[in-house]
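Student: I would like to take a close look at one part of this structure and see how it sits in the rest. Could you walk me through it slowly?

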Amino acid sequence: MKFHSLFDSDNNGHKSFELPGAHPHYNPDRPGQVEHIFLDLILNIPQQSFHGTCTISLTPVRSGINQLTLDAVNLNIESVQVDETAQTFDYDGEQLHIYLQTPTQAGKVIKIAIAYSVEKPQRGLYFILPDNNYPNKPTQVWTQGEDEDSRFWFPCFDYPGQLATSEIRVQVPQKFIAISNGELINTEEAGENKIYHWSQQQVHPTYLMTLAVGDFAEIKDEWQGRPVTYYVEKTREEDARRSMGKTPRMIEFFSEKYGYSYPYPKYAQVCVDDFIFGGMENTSTTLLTDRCLLDERAALDNRGTESLVAHELAHQWFGDLVVIKHWSHAWIKEGMASYSEVMWTDQEYGKDDAAYYILNEARSYLAEDASRYRRPIVTHVYREAIELYDRHLYEKGACVYHMIRAELGDELFWKAIHTFVQDNAHKTVETIDLLRAIEKATGRNLLFLFDQYVYRGGHPDFQVAYSWDGDSKLAKVTVTQTQAKADTNGSKDLFDLKIPIGFGYSQPESNTQAKTFKVRINQREQSFYFPLEEKPQFVSFDVDNYTLKTVSLEYPLPELKAQLKYDPDPVSRIYAAEAIAKKGGLEAIKALSEALQQDSFWGVRAEVTKLLASIKLDQVFESLVVGLKDENPLVRRAVVDALSNIKTLESYNALKQIVQNGDASYYVESMATKALGGMVSANLQYQQDETIEILTHVLREKTGWNEVVRTGAIAGLSQLKTSDIALSTILEYTTPGIPQSLRLSAIRALGSISTGQTPNNVEWILEQLEEFSKESFFLTQVSVAVALGQMETIKAIGILQSLADQTPDGRVRRMAEEAISTVQKKAGSDQAVKQMREELDLLKKENQELRSRLENLEAKAQVVSNN
Ligand SMILES: [Zn+2]
């Protein structure tokens with residue numbers, strides 16, 4: 001049976017994941033089993049070059065093979081020997097073909113020794129050095145193999161289906177430390193230099209081989225006697241402990257959860273400069289971006305670093321110990337690593353935080369599905385494997401694990417995970433192996449779930465209506481799967497799931513009680529009748545919210561209000577709040593502002609702020625502004641964001657106070673700074689000069705951790721779209737030498753501000769962006785692509801196209817191409833449409849004022865009649 005068609009052309013109105021040139025990808029034929037890879041290298045850091053030998057021990061799978069093909073990109077191949085005899089070879093810059101003098105004998109190991117050198121490698125291994133613009137940049141060397149970049153720093157059979165032990169011996173200048181996979185088995189002095197010899201004795205794939213070199217501080221921790229080490233730039237020692245210090249506890253936690261003790265002799269985390277990912281789970285040696293290191297103030301409301309540390313650690317089991325055989329199955333590791341962030345959140349912060357975490361993972365997938373494309377999680381049709389590393393792979397993958405857990409129940413879920421890890425340790429897996437482990441451990445066949453959520457795209461969009469028939473004491477719940485069209489064609493988009501529906505009763509002296517029924521939902525529209533002794537106060541659709549879905553509740557207001565107040569699940573309370581906001585009116589504002597002041601969980605308080613702001617009534621401001629006093633900085637951040645949508649003078653002044661008086665949190669300050677700019681651009685034009693002054697003051701004075709606050713000022717300026725001063729200030733901050741994260745935000749801001757600028761200024765912006773697009777640093781290219789994608793001139797397309805053509809990075813290529821189609825669409829919508837939009841906004845505004853007055857009158861009238 002086939003799970004999904006090769007080319008998923010019918011996407012039900014969604015854009016296609018497959019860009020032109022996408023095609024099926026398979027692992028190559030295997031000439032033999034790679035047993036061991038030994039790299040013996042000498043680094044010349046000032047020259048940005050290295051040379052040495054790569055020795056691969058291979059057990060041929062059959063006799064008579066007389067040619068071997070290895071992946072090797074842009075290396076200088078000097079010689080190839082097999083068992084110490086020189087061989088002839090062909091090298092085209094991408095693949096190395098070795099012609100064996102003696103054909104292979106099945107099972108008889110051969111040793112292939114390749115002498116080579118590399119100068120200024122483009123990928124795989126990165127030299128970080130100070131330069132004129134950044135004289136204080138540290139000197140470092142680090143590698144990044146995933147997905148297919150190890151071939152840029154050593155010749156290899158570069159795909160995850162081959163597992164081997166490995167060894168790296170590397171010579172570096174005395175003052176540097178070299179860190180690699182496994183155990184340090186020897187160090188020796190060599191004149192001005194030092195040799196580090198690392199050995200990884202458990203098999204792993206080439207993409208997890210790593211090397212990191214720098215003048216690092218080494219902070220030693222341990223777990224059950226095994227070294228747990230943090231390497232950071234000197235002076236960041238305290239930040240290192242603050243940011244990674246929970247690692248030993250996490251190792252303990254995951255060892256227990258996965259039913260398999262941490263498998264490697266050590267665990268090192270190295271924070272490196274200019275890293276092109278957040279983190280990379282190289283076997284026993286994770287590399288992290290140094291941007292994740294928190295100072296004391298950032299630690300207040302940054303949970304991202306802790307999640308990153310948990311994610312990469314989880315990969316040591318899911319990814320490194322149990323290896324995916326092909327990239328198309330990468331969700332097994334990325335989904336579990338992302339789900340492990342949820343598990344750790346649960347362990348550390350409790351179940352409300354965990355529920356909110358998985359809701360946000362689902363939302364991030366839903367946003368990609370709605371705006372970018374829809375695809376099956378497992379697909380081997382793509383242009384480059386790196387394109388798969390999206391929100392489907394990570395966040396939707398996590399949601400699938402969450403649903404497996406709901407389907408099996410906690411005990412059986414963990415039993416299945418233990419079986420999967422134990423049966424597949426030090427082996428490669430595909431999705432089917434997970435299904436098999438589940439069946440072996442629990443007897444359950446979950447293919448129906450995988451068919452719906454893994455092998456095809458999409459999710460159910462539920463609309464749920466409820467009514468109570470008091471005479472017959474029947475609760476009626478009608479569920480519609482709106483993603484399926486009403487005609488017969490829609491049936492293929494239907495989901496077939498069992499969903500628990502709960503009826504809640506709050507009792508004054510005790511906890512909320514619920515009566516729960518599980519129903520099978522498999523048609524476009526179904527009505528269910530539940531006989532109940534008493535009228536319920538509220539209805540919980542999908543109790544515990546395990547199902548990946550969207551949901552829109554169409555209940556009467558009293559039931560929604562009761563749910564927002566009493567449902568024990570914060571996610572259900574959020575859904576209720578959303579439905580309340582949709583109803584609008586003063587009653588809605590009252591219910592939501594009560595939640596903002598009283599809900600016990602910060603996530604619900606943060607959510608209701610943006611819902612309040614979505615109700616276009618003047619009374620919202622007063623309800624929101626009290627939230628600025630919330631003790632939780634994450635709530636305050638949400639309040640500030642929500643206030644930015646209420647573009648009135650009093651709201652502006654409230655935010656101005658935060659910018660001027662500061663907040664305990666960098667992020668709150670940054671958000672307020674950004675918001676100020678956005679408010680002026682609407683109907684507070686007369687505040688523009690003052691705002692520019694405030695924002696430029698922030699830029700001058702508020703340098704600090706990762707430039708979070710100043711980045712807010714740049715984002716604020718970018719909203720002053722017609723201002724010359726704002727543009728020239730932003731341009732000033734794009735100059736090389738400006739701290740990198742701030743400079744990147746200024747480059748991105750050029751896109752947003754361009755849409756209100758004169759044609760001359762737009763030309764100038766385009767010229768600047770074209771200049772920046774030539775810089776080779778990954779994050780600069782990303783920023784340029786983001787900026788160009790926001791422009792409304794077809795002239796942006798040419799620059800995007802040449803960026804797409806020239807970048808060595810698949811992620812940038814994809815972004816640039818997606819930006820091209822966005823710009824095409826925007827530039828296509830003509831001036832007339834723009835004018836109509838503006839007129840419509842004005843009408844909406846007038847309407848809001850009228851409605852606000854009316855609601856007030858009605859409220860007063862009600863008070864009078866009640867008396
Ligand atoms: Zn990952």
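What follows is a request about one helix and a connected answer that starts there and works outwards.

Student: Please look closely at helix H3, residues 304-315: how far apart are its end C-alpha atoms, and which elements cover its buried residues?

Tutor: Happy to. Keep in mind throughout that this is a predicted model.

Let us start with the length of the helix. H3 has twelve residues, and at 1.5 Å a residue these should span 16 Å; the end C-alpha atoms are 17 Å apart, so the expectation and the model agree.

Next comes burial. H3 is mostly covered, with eleven of its twelve residues buried. The buried set is made up of Thr305, Glu306, Ser307, Leu308, Val309, Ala310, His311, Glu312, Leu313, Ala314 and His315. The cover over these residues includes three helices, H1 (237-244), H2 (247-257) and H4 (331-349), together with two strands, S20 (279-280) and S21 (285-289).

Strand S20 is a good place to zoom in, with glycine 279 as our guide, since this residue is located there. Glycine 279 has 21 C-beta neighbours inside 10 Å and therefore counts as buried; the cut-off for that class is 20 or more. Setting aside neighbours within four places in sequence, glycine 279 contacts Leu308, His311 and Glu312, among others. Those three also appear in the list of buried H3 residues. The other contacts of glycine 279 are Thr286, Leu287, Leu288 and Thr289. Strand S21 covers residues 285-289. Glycine 279 also gives us a link back along the chain: glutamine 144 is 135 residues away in sequence, yet the two C-alpha atoms are separated by 9.8 Å.

Following that link takes us to the loop between strands S11 (140-143) and S12 (164-173), where phenylalanine 157 is placed. Phenylalanine 157 has 24 C-beta neighbours inside 10 Å, which is why it counts as buried. Beyond residues up to four places away in sequence, phenylalanine 157 touches Val34, Leu70, Asp71 and Gln162. Its C-alpha atom is 37 Å from that of serine 371, a residue 214 positions away along the chain. Aspartate 147 is found in the loop between S11 and S12 too, and a cis peptide bond, with omega about 0 degrees, joins it to glutamate 146. As background, most peptide bonds are trans.

The annotation helps to place these two regions. In an unreviewed entry, UniProt lists residues 243-453 as "domain: Peptidase M1 membrane alanine aminopeptidase". That span is 55% helix and 10% strand, and its end C-alpha atoms lie 35 Å apart. For residues 25-208, the unreviewed UniProt entry gives "domain: Aminopeptidase N-like N-terminal". Here the chain is 0% helix and 54% strand, with end C-alpha atoms 21 Å apart.

A separate domain assignment divides the chain into domain 1 (32-214), domain 2 (322-453), domain 3 (460-583) and domain 4 (647-757). The C-alpha centres of domains 2 and 3 are 26 Å apart. Their contact takes 13 residues from domain 2 and nine from domain 3. On the domain 2 side, helices H5 (351-371), H6 (392-408) and H9 (447-453) each supply at least two residues, and H5 gives the most, with six. By class, that side has nine nonpolar, two polar and two charged residues.

Two backbone details may interest you as a computational chemist. Glutamine 224, in the loop between strands S17 (216-223) and S18 (226-233), has a positive phi near 45 degrees. Glutamine 224 is exposed because 11 other C-beta atoms lie within 10 Å. Histidine 426 also has a positive phi, of about 60 degrees, and is placed in the loop between helix H7 (410-424) and strand S24 (427-429). With 13 other C-beta atoms within 10 Å, histidine 426 is partly exposed. In general, most residues other than glycine have a negative phi.

Finally, let us step back to the whole chain, which has 26 helices and 31 strands. A compact globule of 867 residues would have a radius of gyration near 29 Å, and the chain has 29 Å, so the two agree. Its C-alpha atoms fill a box of roughly 105 × 65 × 55 Å along the principal axes. Buried residues make up 46% of the chain. Among contacts with a separation of 6 or more, 67% join residues 24 or more positions apart.

Definitions and conventions. Residues numbered from 1 in each chain as written. Predicted model: local features only at pLDDT ≥ 70, side-chain atom pairs only at ≥ 80, totals over all residues. UniProt positions renumbered as here; feature names shortened; annotations may be inferred. Helix = DSSP H or I, 4+ residues; strand = E, 2+ residues; numbered from the N terminus. Rg over C-alpha atoms; globule rule 2.2 N^0.38 Å. Contact = placed C-beta atoms within 7 Å. Expected span 1.5 Å × (residues − 1). Domains from an automatic or database assignment. Nonpolar A, V, L, I, M, F, W, Y, C, P; charged D, E, K, R; others polar.
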